[in-house]
Amino acid sequence: MTPYLSIESLSVAYGATTVLDRVSLGVARGEMIALLGSSGCGKTSLLRAIAGFVTPSTGTIRVDGVDITQLPPEKRATAMMFQSYALWPHLNVAANIGYGLRMRGWKADAIAARVAEMLKLLQLDGYEGRSVTQLSGGQRQRVALGRALAVDPHLLLLDEPMSNLDYKVRLELRHELRALQRRIGITAVYVTHDREEALTLADRIAVIDAGKIVQVGAPEQIFHHPESAFVAGFMGADNALDVAPSHAGGFTAAATGTPPAQRVRAHFRSDAAQLSMTVTGHAADALVLAGVVAQSVYVGHGYRYRVRTNSADLWVEAPERVAEGTAAAVVVPRTALLLFPGEARPG
């Protein structure tokens, strides 16, 4: 099936610096895809290229089969929500929502009808005459979304629109935005550096690193089956060390002098490991690393411990309180290990 949004071999450079390197991505009609990556990876540049605010040096962008690569932003039938919302402070809610319609020459009665539709859709009935400066952050985000949707865009582009909201409001609006996107069936591209946000909102996630898309897949696939050590670490499996196969069918920490060809890079999540007071009595294929509790952090549902081992400092979660300086072992079930080709390291 031909993607509704098709990006083919797209490159973007700022001067001599390449920020997107031959990126290709397809997005289905009605799909929400998250562009996930750290600051400076190129995700916002990709979004801005789709919107027409950045001119690519190579490649094409098509929407529903139409090449829009060289079209100006106003000719692309896209709408963008910015991190700052970019609302007009001197206009009330209704005027902000209807702003794009006025710019397109709509008549006053048609604008009023469309604004009323947006107010009802976004649960802002009764707020039309209120100044946007009197609204909460969550309400301002709804107004910005209403302005974007009012023009009936082919694509909704969102540039970290929830990053300025407090945690509780962010959680509520994630679910509201996801339900709304599904209900109206709009195709959306969502930029974020927050993996939890990407997992919650998206049908698929495209992980970007250093200007390249390194993995695309459903949230469950990206989370449980990362294809590289980078993706594993970015998705929360940030414990990492070199291991070597053991006789019991599992792995042990790679000893000094282990040939590079025998090393495997293992990643695992802190909540997938166990903190034990002994190094014996565990499954034969489990990875067991003896160490000392170097740091204890209370996280509400239990404790998070940094355990210093001979191989690496590792994080593990446990419900019970353990004093710093206690001898302990990090036990990782074989099934919790995410394994990637080892890198040559000295020693």
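This report describes the overall make-up, the cores, the strand pairings and some loop residues of a predicted model.

## Overall make-up

The protein has 347 residues, and 47% of them are buried. Its secondary structure consists of nine helices and 19 strands. Along the principal axes, the C-alpha atoms fill a box of roughly 75 × 45 × 35 Å.

The accessible surface is about 16500 Å², and carbon and sulfur atoms account for 52% of that area. Among contacts with a separation of 6 or more, 66% are between residues 24 or more positions apart.

## The nonpolar cores

The largest nonpolar core holds 34 residues, and the members that touch the most others are Ile 97, Val 143, Leu 145, Leu 156 and Leu 177. Seven elements each supply at least two residues of this core: strands E6 (78–81), E7 (155–159) and E8 (187–192), together with helices H2 (93–97), H4 (108–121), H5 (137–150) and H6 (167–184). Helix H5 gives the largest share, with six residues. Another core, of 29 residues, lies apart from this one, and its members include Ile 50, Val 54, Met 80 and Val 189.

Which residues does Leu 156 contact, leaving aside its neighbours within four places in sequence? They are Ala 79, Leu 145, Ala 148, Leu 149, Ile 186, Thr 187, Ala 188 and Val 189.

## Strand E7 and its partners

All five residues of strand E7 are buried, so the strand is largely enclosed by the rest of the structure. Leu 155, Leu 157 and Asp 159 point one way from E7, while Leu 156 and Leu 158 point the other way. Both sets of residues are buried.

Strand E7 pairs with E6 in the parallel sense, over four bridges. In this pairing, Thr 78 has Leu 155 of E7 as its bridge partner. Strand E7 also runs parallel to E8, to which five bridges join it. Here Asp 159 is matched with Val 191 in E8 as its bridge partner. Between E7 and E8 the chain passes through helix H6, making a right-handed β-α-β crossover.

## Helix H1

Is helix H1, residues 43–51, mostly covered or mostly uncovered? It is mostly covered, with seven of its nine residues buried. The buried residues are Lys 43, Ser 45, Leu 46, Leu 47, Ala 49, Ile 50 and Ala 51. Of these, Ile 50 also appears among the members of the 29-residue core. Just after the helix comes Gly 52, with a positive phi of about 100°.

## Strands E1, E4 and E5

Strand E1 (residues 5–14) pairs with E4 in the antiparallel sense over five bridges. One of the matched pairs is Ser 11 with Thr 58 in E4. Strand E4 is also joined to E5 by two bridges, again with the strands antiparallel. In that pairing, Val 63 stands opposite Val 66 in E5.

E4 and E5 form a hairpin with two residues between them. Asp 64, in the turn, has a positive phi of about 55° although it is not a glycine. The loop that holds Asp 64 lies between E4 (58–63) and E5 (66–67). Asp 64 is partly exposed, with a relative accessible area of 47%.

## Ala 210, between E9 and E10

A positive phi is also found at Ala 210, a residue other than glycine, where the value is near 50°. Ala 210 is located in the loop between strand E9 (204–209) and strand E10 (212–217). Is Ala 210 buried or exposed? Its relative accessibility is 63%, so it counts as exposed.

## The five-stranded open sheet

Five strands form an open sheet in the order E14-E18-E15-E16-E17, with antiparallel pairing. Strands E14 (274–276) and E17 (313–318) are the edge strands, each pairing on one side only. From one strand to the next, the twist averages 45°.

Within the sheet, strand E15 (residues 287–298) and strand E18 (residues 327–332) run antiparallel and are joined by six bridges. The bridge partner of Gly 291 in E18 is Ala 328.

Key:
Residues are numbered from 1 along each chain as its sequence is written. This is a predicted model: local features need pLDDT of at least 70, side-chain atom pairs count only at pLDDT 80 or more; totals for chains, interfaces and linings use all residues. Side-chain values use heavy atoms; hydrogens and water are left out. Buried means under 20% relative accessible area, exposed over 50%, partly exposed in between (1.4 Å probe, protein chains only). A nonpolar core is a set of buried Ala, Val, Leu, Ile, Met, Phe, Trp, Tyr and Cys residues joined through side-chain atoms within 4.5 Å. Contact means heavy atoms within 4.5 Å. Two strands pair if DSSP finds at least two bridges between them. Axes are lines fitted to C-alpha atoms, for helices over the stretch in contact, and angles run from 0 to 180 degrees between N-to-C directions. Accessible areas come from the Shrake-Rupley method with a 1.4 Å probe; for residues, only the protein chains shown count as cover. A crossover is right-handed if, with the strands pointing away from the viewer, the path from the first strand over the helix to the second runs clockwise.
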